[in-house]
Amino acid sequence: MDGLRELYQEVIIDHNRNPRNFHDMPNATCSANGFNPLCGDSIRLYLHLNNDVIEDVAFLGQGCAISTASASLMTDHLKGKTVEYAEQIFTLFHNMITKDDADAILKLGKLGVFAGVKEFPARVKCATLAWHTLDAALHNESESITTE
Ligand code: ZN
């Protein structure tokens, strides 16, 4: 289990140092801002939707390693997928980091690296910030969300 934990840590460090899809998107069809005052993480998320498909997704922002790596892995994971799929994954992801849900971890693949966050309740908001911001962008709610 220690080896696995180290691997998880490495994935998070890698995505924090070299975040994927970390850029502006001038042709975005929707976007939203997310802020986690507890930690000071802030992101802006961009989506390019084609009907129900997330053709492109990108983000910009500043935050801790967990929030940056989470946004990076999320954008990687959702590119080319449907909105419905994204919403299912968000539910699984939320279950994984708030309760014991081995089934969710199995279904999440690489996103399972955040399973350990469950033991650090203060960091749950860091890990879910990108997902809440995605939700806001998809539903065209207010342009800005806060986790508080
Ligand atoms: Zn944070």
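## The cavity and its lining

The residues that line the largest cavity divide into 3 nonpolar, 5 polar and no charged. This description, like the rest of the report, concerns a predicted model. A search of the whole structure finds 1 cavity of 30 Å³ or more, and the space within the largest cavity comes to about 30 Å³.

The lining is formed by Phe22, Ile43, Phe59, Gly61, Gln62, Gly63, Ser67 and Thr68. Two elements, β3 and α2 (65–78), each give two or more residues to this lining, and the largest share, 3 residues, is contributed by β3.

## The zinc site

The zinc ion is coordinated through the SG atoms of Cys39, Cys64 and Cys126, together with Asp41, which is listed twice through OD, and the distances run from 2.2 to 2.6 Å. Along the chain, the donors of the zinc ion follow the spacing C-x1-D-x22-C-x61-C. Because cysteine 39 lies in the loop between β1 and β2 whereas cysteine 126 belongs to helix α5 (residues 124–138), the pair ties together parts that are 87 residues apart in sequence.

The surroundings of these two cysteines can be described through their accessibility. Cysteine 39 has a relative accessible area of 35% and is therefore partly exposed, while cysteine 126, at 1% relative accessibility, counts as buried. The cut-offs behind this reading are under 20% for buried and over 50% for exposed, with partly exposed in between.

## Two asparagines with positive phi

Asparagine 21 has a phi near 60 degrees, which is a positive value in a residue other than glycine. Asparagine 21 is placed in the loop between α1 (2–17) and β1 (30–36), and its relative accessibility is 12%, so this residue counts as buried.

Asparagine 51 likewise is not a glycine and has a positive phi, of about 55 degrees. The loop that holds asparagine 51 runs between β2 (41–50) and β3 (53–62). With a relative accessibility of 73%, asparagine 51 counts as exposed, whereas asparagine 21 counts as buried.

## Elements that recur

Several elements appear under more than one of the headings above. Strand β3 (53–62) bounds the loop that contains asparagine 51, and β3 also gives 3 residues to the lining of the largest cavity. Strand β1 (30–36) bounds the loop that contains asparagine 21, and the loop between β1 and β2 contains the zinc-binding cysteine 39.

Note on methods. Residues numbered from 1 in each chain as written. Predicted model: local features only at pLDDT ≥ 70, side-chain atom pairs only at ≥ 80, totals over all residues. Heavy atoms only, no water. Helix = DSSP H or I, 4+ residues; strand = E, 2+ residues; numbered from the N terminus. Buried < 20%, exposed > 50% of the residue type's maximum accessible area, 1.4 Å probe, protein only. Donors = N, O, S within 2.8 Å, 3.2 Å for Na, K, Ca; no water. 1 Å grid on protein atoms, 1.4 Å probe; cavity = no way out; pocket = protein on both sides within 12 Å on 5 of 7 lines; lining within 4 Å. Points joined across faces, edges and corners; volume = space filled by probe spheres on them. Nonpolar A, V, L, I, M, F, W, Y, C, P; charged D, E, K, R; others polar.
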